[in-house]
Amino acid sequence: MVFSSVPFLYVFLPVVLLGYFLVPRRFKNVVLLAASLFFYYYGERAYTSLLLISSLSDYLHSLYIEKHRGTQRAKAALISSIAVNLALLGFFKYADFLISTVNSLLRTSIPLLKVPLPIGISFFTFQTMSYTIDVYRGRVHAQKNLVTMGTFVCLFPQLVAGPIVRYSDIALELEQRSTTLDEVSAGARRFVVGLAKKVLVANAMGELCGLYRSAGEQTTLFALLYAAAFTIQIYYDFSGYSDMAIGLGLLFGFHFPENFNYPYLSRSVSEFWRRWHMTLGGWFRDYVYIPLGGNRVPRLLYIRNIFVVWALTGLWHGAAWNFVVWGLLFGVLLTAEKLFLDKWLQKCGRILPHVYVMAVVVLSFVLFNASSMQGALADIAAVLGLTGAPFAGTLSLYYLKSYAVLLAVSVVGCTPWPKKLALALPEGVRAVLEPVAMAVLLLLVTAYLVDGSFNPFLYFRF
């Protein structure tokens with residue numbers, strides 16, 4: 001089940017909200033846990049037990065760690081907990097990648113396991129690992145209530161695609177929370193806006209990407225349209241999902257961390273990654289980069305730390321070499337910025353650094369979205385006009401005209417201007433227009449979904 005579906009919007013969510021607000025306070029986590037397990041079971045029946053095993057493992061490990069805090073037993077339990085999480089993630093996500101790599105290097109023919117990837121495993125394993133590490137570090141106390149622990153791990157608003165919510169973010173709210181009418185209203189608005197971003201923009205851009213892949217015409221203009229469309233699609237898809245998750249959290253009294261902050265306004269790659277998927281960046285900073293020594297080590301070790309983090313970031317996104325190269329590309333650029341490029345960018349005004357970042361980001365997403373390294377190189381060559389193909393053709397001009405308005409609107413939507421314009425309206429006008437706008441957006445989304453149109457979710461792949 002995904003948020004952008006009729007069953008979720010008009011059956012699951014209303015039933016859960018009704019049950020949640022009708023039960024006494026002491027049963028609210030029970031309702032959320034039951035709803036979350038059903039939500040996951042609905043979309044991933046075979047692996048619901050995996051989610052339960054992960055939750056129970058970290059629950060038991062954390063209790064043991066806290067009981068023996070400061071001893072070698074606690075350290076051994078932490079290592080055991082991390083090993084369990086990484087073993088689950090490694091087997092289900094990376095086993096075939098490792099076998100394929102061995103087969104390519106050694107010319108062997110080891111059969112692939114072809115194990116389906118459990119939905120959300122990259123997110124919930126990182127979430128549970130951060131919990132046991134924080135218990136070991138003494139930053140949080142181990143949760144003794146299994147239902148509360150299960151609610152933290154399985155909470156359906158952020159279960160399958162984040163944001164990566166740490167236990168410390170919502171520890172108090174797991175125990176005691178209240179939901180005000182203002183927060184419910186804000187949560188509903190945030191959810192509808194995210195839903196519209198996903199369904200009305202990301203899905204349309206995904207259709208344009210699909211048209212490029214299936215078309216016989218492979219012109220430079222069509223390749224540029226594809227690159228721009230995917231850059232818009234992945235932002236609206238993922239930030240829209242994060243908006244929906246944060247909005248749903250507010251409905252139930254949780255305040256999840258923000259995950260995006262207008263990343264396409266960045267004027268350096270470092271700034272881009274401070275604004276894009278912020279909870280993942282914060283996770284790698286706190287649990288990998290800083291423990292390795294961060295930037296408080298000799299220069300060679302500092303560079304090593306950057307490359308370790310970005311190789312892992314690439315692998316986290318997918319089990320294929322184009323993801324690894326994608327991560328290492330950003331490792332190279334971030335290292336260059338830290339060592340010398342950032343000083344040069346600061347002298348270049350506002351426009352040139354922004355052009356540099358967007359050029360890097362667009363090409364990196366072409367690499368990111370390729371099915372193989374060979375395909376990535378072909379796509380990048382097409383975008384740069386290095387294939388010898390004509391610049392434009394009948395199809396590319398047709399689709400440019402067809403999608404021009406949506407492309408322009410979506411580019412503006414990547415900036416704070418729509419929000420600023422809305423806030424600039426008189427409060428009385430905004431009070432009338434806002435609910436009307438939300439109702440219209442929900443109606444449009446529903447019509448799109450009922451029509452059975454293209455409705456993928458990119459991060460289910462990762």
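## Helix 11 and its surroundings

In this predicted model, helix 11 spans residues 278–289 and is mostly covered, with 9 of its 12 residues buried. The buried set consists of T279, L280, G282, W283, F284, D286, Y287, V288 and Y289. These residues pack against helix 5 (121–137) and helix 12 (299–317).

Just ahead of the helix, H277 sits in the loop between helix 10 (269–275) and helix 11. Its relative accessibility is 1%, so H277 counts as buried. H277 also has a positive phi, near 45°, although the residue is not glycine. Most residues other than glycine have a negative phi.

## R166 against helix 11

R166 belongs to the loop between helix 6 (146–154) and helix 7 (167–175). Its relative accessible area is 14%, which is under the 20% limit, so R166 is classed as buried. The R166 side chain makes a polar contact of 2.8 Å with the side chain of D286, and D286 is one of the buried residues of helix 11.

Apart from neighbours within four places in sequence, R166 is in contact with S130, F152, G282, W283, R285, D286 and Y287. Of these partners, G282, W283, D286 and Y287 are listed among the buried residues of helix 11.

## The nonpolar core

The largest nonpolar core has 130 residues, and within this core F8, F156, Y264 and F365 touch the most other members. Helix 9 supplies the largest share of the core, 17 residues.

Y264 has contacts, beyond four places in sequence, with T231, I234, Y235, F272, W276, H354, M358, V361, F365 and C414. One of these partners, F365, is itself among the core residues that touch the most other members.

## L224 in helix 9

Helix 9 covers residues 220–251 and includes L224. L224 has 35% relative accessibility and therefore counts as partly exposed. Not counting residues up to four places away in sequence, L224 touches V383 and F391. The C-alpha atoms of L224 and L384 are 8.2 Å apart, with their positions 160 residues apart along the chain.

## Salt bridges

How many salt bridges does the structure hold? There are 11. One of them pairs E434 with R189, with the closest N and O atoms 3.3 Å apart. The pair links distant parts of the chain, E434 being in helix 18 and R189 in helix 8 (residues 181–214), 245 residues apart. E434 is partly exposed at 30% relative accessible area, and R189 is partly exposed at 28%.

A second bridge joins E258 and R190, where the closest N and O atoms are 2.7 Å apart. E258 lies in the loop between helix 9 and helix 10 while R190 is in helix 8, so this pair ties together parts 68 residues apart in sequence. Both partners are partly exposed, E258 with a relative accessible area of 39% and R190 with 24%.

The side chains of D379 and R213 form another bridge, at 2.9 Å from N to O. D379 is in helix 15 (residues 373–383) and R213 is in helix 8, so the bridge ties together parts 166 residues apart in sequence. The two ends differ in cover: D379 is buried at 8% relative accessibility, whereas R213 is partly exposed at 41%. Salt bridges with shared partners also join R190, K197, D243 and E258 into one network.

## Surface features

Which residues make the nonpolar surface patch of about 560 Å²? The patch is made by L425, V429, V432, L433, V436, V440 and L444. V429 lies in helix 18, which runs over residues 427–450. V429 has a relative accessible area of 37% and is partly exposed. An α-helix has 3.6 residues a turn, so residues three or four places apart point the same way. Helix 18 also carries E434, the partner of R189 in the salt bridge described above.

K114 lies in the loop between helix 4 (72–106) and helix 5. K114 is exposed, with a relative accessible area of 67%. Its phi is positive, about 55°, although K114 is not a glycine. H277 likewise has a positive phi, but H277 is buried.

Notes. Residues are numbered from 1 along each chain as its sequence is written. This is a predicted model: local features need pLDDT of at least 70, side-chain atom pairs count only at pLDDT 80 or more; totals for chains, interfaces and linings use all residues. Side-chain values use heavy atoms; hydrogens and water are left out. Patches are made of residues with over 30% relative accessible area and no salt bridge: like charges are joined within 9 Å, nonpolar side chains (Val, Leu, Ile, Met, Phe, Trp, Tyr) within 5 Å. Accessible areas come from the Shrake-Rupley method with a 1.4 Å probe; for residues, only the protein chains shown count as cover. A salt bridge is a side-chain nitrogen of Lys or Arg within 4 Å of a carboxyl oxygen of Asp or Glu. Helices (H or I, at least four residues) and strands (E, at least two) are DSSP runs, numbered from the N terminus. Buried means under 20% relative accessible area, exposed over 50%, partly exposed in between (1.4 Å probe, protein chains only). A polar contact is a pair of N or O atoms within 3.5 Å; within protein, one must be able to donate a hydrogen and the other to accept it, and residues adjacent in sequence count only if both atoms are side-chain atoms. Contact means heavy atoms within 4.5 Å. A nonpolar core is a set of buried Ala, Val, Leu, Ile, Met, Phe, Trp, Tyr and Cys residues joined through side-chain atoms within 4.5 Å.
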